Each structure stands twice: as structure tokens, then as C-alpha cells.
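Hello,

Here is the structure I promised to send over. Have a look at it first, and then read on for what turned up.

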Amino acid sequence: MRALIVVDVQNDFCPGGALEVPDGDAVVDAVNQLATGAPFVVATRDWHPPDHGSFAEQGGPWPVHCVQGTPGASLHEGIDQSQIDVIIDKGQAPDREGYSGFEGTELERVLREHDVDTVDVAGLALDYCVKATALDARRAGLNVTVHRGATRAVEISPGDADRAIAELRAAGVEVVD
Ligand SMILES: [Zn+2]
């Protein structure tokens, strides 16, 4: 069984959002296309409490983003939600980074319940939450393919996207265009 994991395609990560990923909304069509052919689709949402430790005001690296229940935390309106079977909210523990969709969530259990052995991963951002989710999927023993064309990177430092790809490949993740 194959599943698609759509990582954090939320308003705050798209142009005009609180933590804009350059060209972030460009993944929407590619994600919908992948979802069309997928037998099972999980979407993750970054879903932080207002005092999350990743926020600059708490000493973290990021501006306030994806606060639970706010418009910025909603999935981008272009995402075809009728194709999504399960939504997994992550990043809810104030003191945990929560980049990975597997961290402190039901994701692994949900995939096992559906006999998933292979996952495709797409979404935002390649060099943070997509990478962390794909690496954890490998650690869970799944076959993992990241669809680079259906991701965008933050690239705080130039080259972060390429380094993420190298790290993924070294961990046995297949990376395709
Ligand atoms: Zn976050």
C-alpha cells in the first residue's frame, strides 16, 4: 500500500504568510496531481500553541506562524481537500521543534493501520519539515520517495535545498523530480 504525505501546505508558508517559503504556493498543483493517483493521502499541518518554543519571542528561530485555529494555519485554499483522507496536526508540544509529521503524532499508527509500506512525500518546506518527515518515514522502515518538484525550500542559507537532498539520499530516500 502506497500513501502520499502532503507536508504543511498552509497559508503561513505561502506568499503573504507569516513564514513565507519562496514560491511556496507553486506546489499546490503538483500536490493535487500526486493526490489524484494516490490510494491514501495524509496531510500534515504545523499546528502550534501561541507560545511555541520555535517562535522568536520564545527564543526560537522563527516568527510566529501556524498558530492553531488561525487562518495562517489553514491549508492553502488551492489544495483539493476532497482528496485528503487524514489530517495530522504536529508541532503541538510547546518545547519540541515538531518539524516531522511523525513527531508526537498518530502518523505512524495511521500508516500501519492502512498497511502502508511506501510513502511519497511532498509539500513545505523541503529543507525542514519535508526532510524531517521523510527521514522519520525511513526510520519507521518505509520506502520513501520525495517529489522535489512538489516541494519548495526556505533556503535560509544558500545550498540548504541541495544539502537536504544529499541527506535524504544518504538515508536511502529516493528523490525524484
Ligand atoms: Zn512551525
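A word on terms before the cavities: Ala, Val, Leu, Ile, Met, Phe, Trp, Tyr, Cys and Pro count as nonpolar, Asp, Glu, Lys and Arg as charged, and the others, Gly among them, as polar. Please also keep in mind that this is a predicted model.

With those classes, the lining of the largest cavity comes out as 10 nonpolar, three polar and three charged residues. That lining is made up of 16 residues, and Phe13, Leu19, Tyr99, Tyr128 and Cys129 are the ones nearest the centre of the cavity. The space inside the largest cavity is about 140 Å³.

In total, there are two cavities of 30 Å³ or more. The second largest cavity has a volume of about 30 Å³, and its lining includes Val6, Val41, Ile79 and Gln83. Helix α1 (residues 28–36) gives the largest share of this lining, with three residues. By class, the second largest cavity is lined by six nonpolar, two polar and one charged residues.

Now for the metal. Which residues coordinate the zinc ion? They are Asp46 through OD, His48 through NE2 and His65 through NE2, at 1.9 to 2.1 Å. Along the sequence, these donor residues follow the spacing D-x1-H-x16-H.

Two of the donors can be placed as buried or exposed. Asp46 has 3% relative accessibility, so Asp46 counts as buried, given that buried means under 20%. His48 is also buried, because its relative accessibility is 1%.

Best wishes

Definitions and conventions. Residues are numbered from 1 along each chain as its sequence is written. This is a predicted model: local features need pLDDT of at least 70, side-chain atom pairs count only at pLDDT 80 or more; totals for chains, interfaces and linings use all residues. Side-chain values use heavy atoms; hydrogens and water are left out. On a 1 Å grid over the protein atoms alone, a cavity is a set of points where a 1.4 Å probe fits but cannot get out, and a pocket is an open set with protein on both sides within 12 Å along at least five of seven lines; lining residues have an atom within 4 Å of a point. Grid points are joined across faces, edges and corners, and a volume is the space filled by probe spheres set on the points. Helices (H or I, at least four residues) and strands (E, at least two) are DSSP runs, numbered from the N terminus. Donors are N, O and S atoms within 2.8 Å of the metal (3.2 Å for Na, K and Ca); water is not among the atoms, so sites may look incomplete. Buried means under 20% relative accessible area, exposed over 50%, partly exposed in between (1.4 Å probe, protein chains only).
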